[in-house]
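Here is a friendly walk through one protein model, meant to be read with the structure open beside the text. Let us begin in the sheet and work outwards.

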Amino acid sequence: MTEIHPGQRVAVLADAQNLYHTAQSLYSQKIDYGSLLKKGVSGRELTRAIAYVIQADAPEEETFFEALVDIGFEPKIKEIKTFGDGSKKADWDVGMSLDAVTLANHVDTVVLCTGDGDFSRLCSHLRHEGVRVEVMSFRESTADELIDATDTFIDLSARQETFLL
C-alpha cells in the first residue's frame, strides 16, 4: 500500500529515547511532539498514538508525561534497570515491535518515529502484511536499512523549525 488518503487508519509509535537523544546531540533542542503527531497523522484517521518513554526519576518527567497525554499520545513508561556491575539499560524495541504487529490488523499505516535500524525487520514484516510503513526521524542518525525498509521516510532534520523546540 503506497497511497495516502484521508480514510487511512494510522498508528503513530514514537521511540521517545531515540528522538530525545538525537535532538539533544545534534541540535541541543527538544522534540515538538504535537508537530510530530500532526505530521505523522497527515489528515488521516488516528487510531492510536503511543510514546515509549523511560522513567529516570528526573524532576520534569511527570510534566513531560502529562504533556504527551494532552497532545494525544498514550505514554508507555519503563523504568531503567540497574545491573550488578552498575550499568543501566532500558529500551522499548520489543514492546514497540509487539504493539506494531498487534496494531497491524487494525490500521492501514504504522508511523515509526525512530532511527533505530533494529526496526528494519519489523518494517519489512509489516509491509509484507499489507501495512504501509512510514518512518520519521533525523537522517543523520537513521540507519540506512531502516529507510530502505519503509514506504516513506520523513527527515526531521529537513524541517527543524517544525519538529524542534
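Isoleucine 54 is a good place to start: it stands opposite lysine 78 in strand 3. Keep in mind throughout that this is a predicted model.

**Around the sheet**

The pairing just mentioned belongs to the contact between strand 2 and strand 3, which run parallel and are joined by six bridges. Lysine 78 has another partner to look at, since it lies over the face of tryptophan 92, at 4.6 Å from the ring centre.

Strand 2, residues 45-55, also pairs with strand 1 in the parallel sense, over seven bridges. Two places to check by eye are alanine 11, whose bridge partner in strand 2 is arginine 48, and leucine 13, whose bridge partner in strand 2 is isoleucine 50.

Strand 1 is joined by five bridges to strand 6 (residues 109-113) as well, and these two run parallel. Here valine 12 has valine 111 as its bridge partner in strand 6.

Is strand 1 largely enclosed or open? Six of the seven residues of strand 1 (residues 9-15) are buried, so the rest of the structure largely encloses this strand.

**The largest pocket**

Next, turn to the open space in the model. Rolling a probe the size of a water molecule over the atoms shows where empty space is left. The largest pocket found has a volume of about 620 Å³. It is lined by 23 residues, and those closest to its centre are Gln17, Tyr20, Lys30, Glu60 and Phe64.

Which elements give two or more residues to this lining? They are helix 1 (16-27), helix 2 (33-41), strand 2 and helix 3 (61-71). Helix 3 provides the largest share, with six residues. By residue class, the lining of the largest pocket divides into 15 nonpolar, four polar and four charged residues.

**Aromatic contacts**

A pair of aromatic rings is described by the distance of the centres and the angle of the planes. The structure holds five aromatic pairs. One of them joins tyrosine 33 and phenylalanine 73 in an edge-to-face arrangement, 5.9 Å centre to centre with 90° between the planes. This pair links distant parts of the chain, 40 residues apart: tyrosine 33 is in helix 2, while phenylalanine 73 is in the loop between helix 3 and strand 3 (74-79).

Are the two partners buried or exposed? Tyrosine 33 has a relative accessible area of 6% and is buried. Phenylalanine 73 also counts as buried, at 2% relative accessibility. Both residues belong to one aromatic cluster, formed by Tyr33, Phe64, Phe65 and Phe73. Phe64 is thus a residue to view twice, as it is also among those closest to the centre of the largest pocket.

**Backbone details in the loops**

Most residues other than glycine have a negative phi, and most peptide bonds are trans. Two serines are worth a look with that in mind. Serine 28 has a positive phi although it is not a glycine, and so does serine 42. Their values and places are set side by side below.

| Residue | Phi | Place | Relative accessibility |
|---|---|---|---|
| Serine 28 | about 55° | loop between helix 1 and helix 2 | 61%, exposed |
| Serine 42 | about 50° | loop between helix 2 and strand 2 | 36%, partly exposed |

Why does serine 28 count as exposed? Its relative accessibility is 61%, and exposed means over 50%. Serine 42, at 36%, counts as partly exposed, because that class lies between under 20% for buried and over 50% for exposed.

**Two longer-range neighbours**

Finally, here are two residues whose partners lie further along the chain. Asparagine 105 is in the loop between helix 4 (93-103) and strand 6, and at 67% relative accessibility it counts as exposed. Asparagine 105 and valine 131 are 26 residues apart in sequence, and their C-alpha atoms are 8.5 Å apart in space.

Valine 94 sits within helix 4. Valine 94 is exposed, with a relative accessible area of 59%. From valine 94 to phenylalanine 119 there are 25 residues in sequence and 9.5 Å in space, C-alpha to C-alpha.

Key:
Residues numbered from 1 in each chain as written. Predicted model: local features only at pLDDT ≥ 70, side-chain atom pairs only at ≥ 80, totals over all residues. Heavy atoms only, no water. Buried < 20%, exposed > 50% of the residue type's maximum accessible area, 1.4 Å probe, protein only. Helix = DSSP H or I, 4+ residues; strand = E, 2+ residues; numbered from the N terminus. Pairing = 2+ DSSP bridges. 1 Å grid on protein atoms, 1.4 Å probe; cavity = no way out; pocket = protein on both sides within 12 Å on 5 of 7 lines; lining within 4 Å. Points joined across faces, edges and corners; volume = space filled by probe spheres on them. Nonpolar A, V, L, I, M, F, W, Y, C, P; charged D, E, K, R; others polar. Phe/Tyr/Trp six-rings, centres within 6.5 Å; stacked < 30°, edge-to-face > 60°. Lys NZ or Arg CZ within 6 Å of the ring centre and 35° of its normal.
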